[in-house]
Each structure stands twice: as structure tokens, then as C-alpha cells.
Amino acid sequence: MASISDRAGHGLLLGLVLVIALSPGKAVSDSFSATSAPELPRLYVDTTYVPPSGRSLRVSAGRDFQAALNQAQPGDTIILERGATFTGPFTLLNKPGSGWIVIRTSAPDSGLPLPGNRIDPSYATLMPKLQAASGSVIVAAPGAHHYRFIGVEILPKRGVFLYNLVQLGARETSIEDLPHSIIFDRCYVHGDPQKGSRRGIAMNSRATAVIDSYLSDFKEVGQDSQAILGWNGSGPFKIVNSYLEGAGENVMFGSGDPAIPNLVPSDIEIRRNHFAKPLSWKLGDPTYEGTPWTIKNLFELKNARRVLIDGNLFEHNWPHAQNGFAILFTVRNQDGSSPWSVIEDVIFTNNIVRHAAQGINVLGLDDNFPSQRTKRIVIKNNLFDDVGNPRWGGGGTLFQLLRGAADVVIEHNTAFQSGKIIMADGEALTGFVYRYNISPHNEHGIIGTGAGVGTPTLNRYFPEGVIKNNVITGGNPDRYPAENFFPRSLDEVRFRDRTGGNYRLAASSLAKRAGANGKDLGVDFDLLCAAITPTADPQTFCHSHAVPATSR
């Protein structure tokens, strides 16, 4: 398939993946067995632009875009007049051949950001507007393939609530019938500012990508809403360098039970995105606009395999319809008919999670219906900043580990949370590793239901776990394994400028060169900043243009 490449042939991605010390066929960590290390995606969506070889079909304001879609053949380009509005729904048809049909703005390339640079709403005047008053704006017919949208705005008609702006597959019962090879490149996809929309892209497809795009105003009262949701698509999927805004879950894989037997969305690449919820959605915030949109989390997996989540910024999450965890790896056989549902081989590296009520929640087994066990998750080299605290509510728990997930490795993270480091419940975890991290202990540190702080919890929930070489400020060394550090306060760790937000270690820090092979404990900020943006200055913490202070 033209839009899928295997690991060995995907040179650009592999060059970036080296930021997290990964290479084709190699384990994520150099210190645990290949059988317990998560596997990288086997396939990646190749979004390299292929210059069109066919005709150019120009569609001016007032003309029929669907007629152009019907007429277009692989290799053709449909050029839509910039600023013009075209009212659908529109259907992408299944056509023979493997050439791309490109749908793009008539604005010159010089008017858009260069490839690799994110679009934003300020470019809307350069974009044709695809809208609908009912149904979906864009629907892909079964098997529709090789469509690329460039510089297009997709939205509901003003004052209209839509369920899915883009519907890529829905109830197909075979992988062969799924739409595939569909790319949204520098597109602006958004719900109605007042009414919202339930979902931007229903990604029930194969070989689908959203790159350099801006998805916003996906919000609803009383129901979950998402910028992107996939549950009946096989993958691979690519979501890179985009702004993603949703009230329920900004992005989620899983949810409804797949109509395709044994389907698990797989080979998912999520890099260099900005996940956020506007503070105008938060009850009690000075900017609150008055509508209680249903708020849950920033990113969730319910049924997914081989997921790479690297170099993203996740911010602004608070308790409302859930308890405020920003990231969920919580396996669900949602409606009881997909007992094969699983979360496995997840790599969460070089991300920033900040301004949230709680951190990451991991569930080993669905507690409603039968599922497979969550396994092989690495959470490495991430910064957790301002987790908990009165503004965000919640308990400020950094990691919640429930029902016996297997082979969870948490290492080289730096965290500033107001509550527990780890909360455990349910079955014991096997293959658990917690090392080289920096965080405050606060009142309860590592604790599980029915067990005391520290050693009683470790014995009950992590009986063979590795917990060493961590900085646990304010903790009681008598309650934890000896191979850890217990300074009395964060100040004693000696960051370069903690109050100023520079969390790099000072030369005199006790955490300098205290890890394996003489590495520092906590985050390697050179790697983190390089993953978030290749232009970040490695000598300082990430510049404001790489890690914006606010989402909107």
C-alpha cells in the first residue's frame, strides 16, 4: 500500500525516534528483557507528498464540489476557491488505482505554512470551507482510498451541532472494506463555537493521518466528545504536529465494540501534538463562558496495540465527569462483545503533562466485562508539572495502577504533584519497575488500598518490583528500599531554577550522575525538548514557542 511503510524503510521517523533511544527491532529499555519490552509500531503512515500527475479540476464558489469528486481520477487535483463555502455532505468514493486525489485550497503554497508547520485559525481566510447542516461533512464510502486534503476548513453550518464532521468508516465488518490512505494536511477542523460538535474525525479506517492541523471546539453536554476517535479501524494511524481539543477525550482509541471480529487498533504514532482544553470550559475559572461541557481527560486508550506517544504537550484537565486523570490506559470491552480488547506495547516518552488534576491511570483488566490484560507499558523521560493543586482539583495522584497490569516500567520522569506518587488497587502487578524518577513524597507517597505507605504496599501490590534510585523528597527512608534518595525538600534536590520553571539539575544536585551509566536522575531535558521541537535550544528548558504557556 502506497501510504504505509515498515520500520526499516521509514528513515525520517526513525531519526526522530532515536531521541528516545529506540531503533528498529530494539527494545525500549536497555535494562529489561525483550519479552517484557514494548514493541514499536510495525507500520507507519508515510505522509510524503506525491506531486499530482493528472488533471487540475477547479471548483469556484457556487459550483458543485461533489461533482468534482465524482469526476476526479487518481492523480487529479481538485482546487477549491479559497474563502468559498461548499455545502455537503460530501462522499469520498472508492475508485480504482493507487494515485492520490488531492483536494486543496486555491491559495498558493506560499500562503500556507510550510509542510511540517502547524496551521491555525488565522489562516482561515485562505481556506475553502466545507460544511454541512446535517449528517457529516465528509463521509468515506467503504474502501475509499488515496485522498489528501491540504489547507481546507471543515465545519458545521453556523449554529448546527453535528455528530461527526468527518466519518471514515463506521460499521464495516472486514478490514478490506475499511477506507484507507486518507491524509488531512494543514487543515482546520472545528465544531460550532456555541453549539459544539461531538467529534472531529471518526477514524475507523486504515493508513490514516492528521498532520500539521488544528482541531477545536469538539464539545457536548452530557456525552463524550473528541477531536479524534477510532474504534473500528485497524491502523496504522499517524497524528503528528497538530492542535487537538476535545471536552470528553481529546483523542481516544477504543470505545464502542468493533464490528470487525478480533480487531485492535494498532500501529499508532502520536508525536509533537498539543492536547488542551480551553479554560473557558472550566467551571469557576475567570474565563468560564457558562456552558458545562462534559470534561473527562486528554488522551485515552481502551483498545490499542503498539502505540508510540512521543514529544507531546498535554495540558489543562480537571475533575468534572471523571476524576481528572489526564492520561488513561484503561482497557475496556466497552459493550461486552469484544473480549479480545487489550492495551499492550505502549511507549509514552518525552511528553509534558501539566496543569492537570491527576497524572496517568493504568487499568490491568476491565472491571465490567472480560478483557485481555494490559501489558508492556513504558512511561519514560516525561515532565509532570503542576499536577493537582487547588486550581485543578482532584487528588493530585501521579500514577494510579489498578487490577494487575503487567510489565509497567516508569523511569527517568520528573514530577511536581500535590498528592500520591502511586496509588495501587486490585491484583498485584508483575514485572513492575519504578526507578530514576524525581518527585515529592507528600503525605502518602506509594500506597495501595488496604496497605500502609511504602513497604506494606510494595509487598502487597509489587511483590517482585524494582523500586530504586529514585529521589523521593520528604519521604521516610525507613518505609522504602534502601537504594533511593530522601532529601527533606525539593529545594535540596537543587534544580537550576525551580521557582522559575527551569527543572534542569544544578551541577551540585544529588541527582546528577546518580543513575545507570552515570546518567542524571529525572528527565533528560535535551531529549525531551528535541522530541517536542527540533528547534528547541538544548542549553535551556524549552522555549515558549515550543511549549506555549496557554492553549488558546
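Me: Before we look at charged pairs, what makes two side chains a salt bridge?

Reply: A salt bridge is a side-chain nitrogen of Lys or Arg within 4 Å of a carboxyl oxygen of Asp or Glu. Keep in mind that this is a predicted model.

Me: Then why is the pair E344 and R305 called a salt bridge?

Reply: The closest N and O atoms of E344 and R305 are 2.5 Å apart. The cut-off is 4 Å, so the pair qualifies. E344 sits in strand β28 (residues 343-349) and R305 in strand β25, so the pair ties together parts that are 39 residues apart in sequence.

Me: Are these two partners buried or exposed?

Reply: E344 has a relative accessible area of 9%. Buried means under 20%, so E344 is buried. R305 has a relative accessible area of 23%, which makes it partly exposed.

Me: Which residues share a network with that pair?

Reply: Salt bridges that share partners join R305, E344, D345, K375 and R376 into one network. Over the whole structure, a search finds 26 salt bridges.

Me: How do you know that R403 and E427 form a salt bridge?

Reply: Their closest N and O atoms are 2.9 Å apart, and the limit is 4 Å, so R403 and E427 meet the criterion. R403 is in the loop between β33 (399-402) and β34 (406-411), while E427 is in the loop between β36 (422-425) and β37 (433-435), so the pair ties together parts that are 24 residues apart in sequence.

Me: What makes R403 and E427 partly exposed?

Reply: R403 has 24% relative accessibility and E427 has 31%. Partly exposed lies between 20% and 50%, so both residues belong there.

Me: And why is R488 called exposed?

Reply: R488 has a relative accessible area of 70%. Exposed means over 50%, so the word fits R488. R488 forms a salt bridge with E492, with the closest N and O atoms 2.7 Å apart. E492, at 28% relative accessibility, counts as partly exposed.

Me: Let's turn to helix α5. Which of its residues are buried?

Reply: In α5 (residues 525-532), the buried residues are F525, L528, C529, A531 and I532.

Me: How do you know that they lie on the same side of α5?

Reply: They cover an arc of only 160° around the axis, which puts them on the same side of α5. An α-helix has 3.6 residues a turn, so residues three or four places apart point the same way.

Me: What do the buried residues of α5 pack against?

Reply: They pack against β25 (304-310), β29 (352-356), β32 (383-387) and β43 (502-505).

Me: What makes the link between D524 and D526 at the start of α5 a polar contact?

Reply: A side-chain oxygen of D524 reaches to within 3.1 Å of the backbone nitrogen of D526. The limit for such a pair of N or O atoms is 3.5 Å, so this is a polar contact. In β43, where N502 is found, the side chain of N502 reaches the backbone nitrogen of R504 at 3.2 Å. N502 is buried, with a relative accessible area of 19%.

Me: Which residues have the most contacts inside the largest nonpolar core?

Reply: They are I78 and F329, in a core of 95 residues. A second, separate core of 21 residues includes I352, F416, F525 and C542. Leaving out residues up to four places away in sequence, F329 touches a list of residues including F299, L301, I309, I343, F348 and I377.

Me: Why is I472 called buried?

Reply: I472 has 0% relative accessibility, and buried means under 20%, so I472 is buried. This residue lies in strand β41 (residues 471-473). Beyond its neighbours within four places in sequence, I472 is in contact with I421, S439, H441, F485, F486 and P487. The C-alpha atoms of I472 and P440 are separated by 5.4 Å, although these residues are 32 residues apart along the chain.

Me: What makes β17 and β14 paired strands?

Reply: Pairing needs at least two bridges, and strand β14 (residues 188-190) and β17 have 3 in the parallel sense, so they pair. Here V189 stands opposite L215 in β17. Another 3 bridges join β17 to strand β20 (residues 243-246), also running parallel, and F218 stands opposite G246 in β20. Strand β17 (residues 214-218) is mostly covered, with 5 of its 5 residues buried.

How values were computed: Residues numbered from 1 in each chain as written. Predicted model: local features only at pLDDT ≥ 70, side-chain atom pairs only at ≥ 80, totals over all residues. Heavy atoms only, no water. Buried < 20%, exposed > 50% of the residue type's maximum accessible area, 1.4 Å probe, protein only. Helix = DSSP H or I, 4+ residues; strand = E, 2+ residues; numbered from the N terminus. Arc of directions from axis to C-beta. Contact = heavy atoms within 4.5 Å. Polar contact = N/O pair within 3.5 Å; in protein donor to acceptor, adjacent residues only side chain to side chain. Core = buried A, V, L, I, M, F, W, Y, C linked by side-chain atoms within 4.5 Å.
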